[in-house]
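I opened a fresh page for this one and went through it feature by feature. Here are my notes, in the order I looked things up.

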Amino acid sequence: MEKAMYPSPYIRITQADHVGSHRDSYAVDEAGSDGGIDYLVAPFTGVIKKIYTSDGNEVWLESTNQVQFADGTVDYMTILFCHDNDVSNLKVGQVIKQGQRFYEEGTKGNAQGNHCHFECARGKFSGTGWHKNSAGYWSINNSKKVSECLFIDDSYHVMDTKGYNFKNTKEISQTTGDTRNYINLSPKADTWAFYRVGDAPVKKNAIGNLKPSKFGGLSYYIYQYCDNNTTAVIQTRDFGKVKIYIKHELAEVTVGSYKYGLVE
Ligand SMILES: [Zn+2]
């Protein structure tokens with residue numbers, strides 16, 4: 001699984017989230033190595049979902065698969081890039097490989113000085129891609145703080161992070177060595193049906209219910225993904241290995257750490 005990586009080899013952030021024109025948004029401005037036009041690389045292998053040339057040549061890139069977020073979340077990620085002066089090299093449906101140069105800084109869309117404004121979001125491209133926020137700025141849907149989304153590694157030239165504490169990919173294996181996947185069932189869920197591993201995960205096949213709310217949430221190792229990654233095999237105390245549905249807003253997959261009481 002790809003780890004989502006910061007899209008510029010130079011990190012020189014000139015405006016962080018929730019200040020100035022980034023009010024009510026997790027946007028950041030990346031100005032690259034100097035005052036000229038630097039390039040951006042794809043943070044993950046993704047597909048271009050939308051290009052909006054009327055304003056800042058905004059481009060939405062959605063990961064083609066689930067990726068690992070810096071905070072341990074596993075999900076699709078969508079990123080909005082803005083200010084490239086010329087996006088005639090890009091088209092909707094185009095697949096960009098992780099690390100591939102595809103976007104540039106610029107000033108299109110009322111930018112002061114060459115930079116790239118970008119915003120990360122959890123999940124696939126949704127709706128029109130963005131909405132007008134409470135401060136009157138267009139902001140990506142389902143946005144999430146950049147340092148909770150993107151990793152760096154030792155190859156990055158870190159000049160100014162504006163206080164963001166980016167996680168280095170090497171920290172993950174050094175701190176715990178745990179790369180296991182976990183499914184975390186929210187305490188908001190009262191019951192969670194489970195199935196025999198070989199059965200289709202449909203209502204009539206349920207053989208019992210887990211009770212996340214009763215235990216303040218429940219976490220399990222994922223032994224295996226099944227049914228096109230919509231279900232996972234877990235080990236329960238009383239029923240042995242069973243299968244549960246994992247594509248739900250109250251279920252979250254994490255890597256290397258778990259959120260609630262772990263059932264082994
Ligand atoms: Zn900006």
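**Entry 1: a partly exposed asparagine.** Before starting I wrote down the cut-off I would need: a residue is buried if 20 or more other C-beta atoms lie within 10 Å of its own, exposed if 12 or fewer, and partly exposed in between. I also noted that this is a predicted model. Then I looked up asparagine 142, which has 17 C-beta neighbours inside 10 Å and therefore counts as partly exposed. I found asparagine 142 in the loop between strand 13 (138-140) and helix 1 (146-149). Its backbone caught my eye too: asparagine 142 has a positive phi of about 60°, although it is not a glycine.

**Entry 2: another positive phi.** I turned next to aspartate 227, also not a glycine, and read a positive phi of about 50°. Aspartate 227 sits in the loop between strand 21 and strand 22. Is aspartate 227 exposed or partly exposed? I counted 14 C-beta neighbours inside 10 Å, so aspartate 227 is partly exposed.

**Entry 3: further along that loop.** I stayed with the loop between strand 21 (224-226) and strand 22 (231-236), where threonine 230 has its place. Threonine 230 has 12 other C-beta atoms within 10 Å, so I put it down as exposed. Which residues does threonine 230 contact, once neighbours within four places in sequence are left aside? I listed Tyr245, Ile246 and Lys247. For the isoleucine I also looked up the C-alpha separation: threonine 230 and isoleucine 246 are 16 residues apart along the chain, with 5.7 Å between their C-alpha atoms.

**Entry 4: the whole chain.** Stepping back, I noted two helices and 25 strands in the chain. The radius of gyration is 20 Å, close to the 18 Å that the globule rule gives for 264 residues, so the chain is as compact as a globular protein of that length. Along its principal axes, I wrote down a C-alpha trace spanning about 60 × 40 × 35 Å. Of the 264 residues, 37% count as buried. I also checked contacts between residues at least 6 apart in sequence, and 64% of these join residues at least 24 apart.

**Entry 5: two domains.** The domain assignment divides the chain into domain 1 (10-174) and domain 2 (181-263). I read 32 Å between the C-alpha centres of domain 1 and domain 2. How many residues does each domain bring to the contact? Domain 1 gives five residues and domain 2 gives seven residues. On the side of domain 1 that touches domain 2, I sorted the residues into two nonpolar, three polar and no charged.

**Entry 6: strand 4 and its partners.** I then followed strand 4 (residues 46-52), which pairs with strand 5 (residues 58-63) in the antiparallel sense over six bridges. Strand 4 and strand 5 form a hairpin with five residues between them. In that turn, asparagine 57 has a positive phi of about 55°. Strand 4 is also joined to strand 9 (residues 95-96), antiparallel, by two bridges. Valine 47 was a handy marker for me: it stands opposite glutamate 62 in strand 5 and opposite valine 95 in strand 9.

**Entry 7: past strand 9.** Glycine 99 lies in the loop between strand 9 and strand 10 (101-104). I counted 15 C-beta neighbours inside 10 Å, so glycine 99 is partly exposed. Not counting residues up to four places away in sequence, glycine 99 touches Val41 and Ala42.

**Entry 8: a four-stranded sheet.** Last, I looked up an open sheet of four strands in the order 24-17-20-25, with mixed pairing. Its edge strands are strand 24 (251-255) and strand 25 (261-263), each pairing on one side only. I noted an average twist of 30° from one strand to the next. Strand 17 (residues 181-185) and strand 20 (residues 218-221) pair in the antiparallel sense over four bridges. Across that pair, I found isoleucine 183 opposite tyrosine 220 and asparagine 184 opposite serine 219. Strand 20 and strand 25 run parallel, joined by three bridges. Here serine 219 turned up again, opposite leucine 262 in strand 25.

Key. Residues are numbered from 1 along each chain as its sequence is written. This is a predicted model: local features need pLDDT of at least 70, side-chain atom pairs count only at pLDDT 80 or more; totals for chains, interfaces and linings use all residues. Two strands pair if DSSP finds at least two bridges between them. Axes are lines fitted to C-alpha atoms, for helices over the stretch in contact, and angles run from 0 to 180 degrees between N-to-C directions. Domain bounds come from an automatic or database domain assignment. Two residues are in contact if their C-beta atoms, placed from the backbone, lie within 7 Å. Ala, Val, Leu, Ile, Met, Phe, Trp, Tyr, Cys and Pro count as nonpolar, Asp, Glu, Lys and Arg as charged, and the others, Gly among them, as polar. The radius of gyration is taken over C-alpha atoms; the globule rule is 2.2 Å times the number of residues to the power 0.38.
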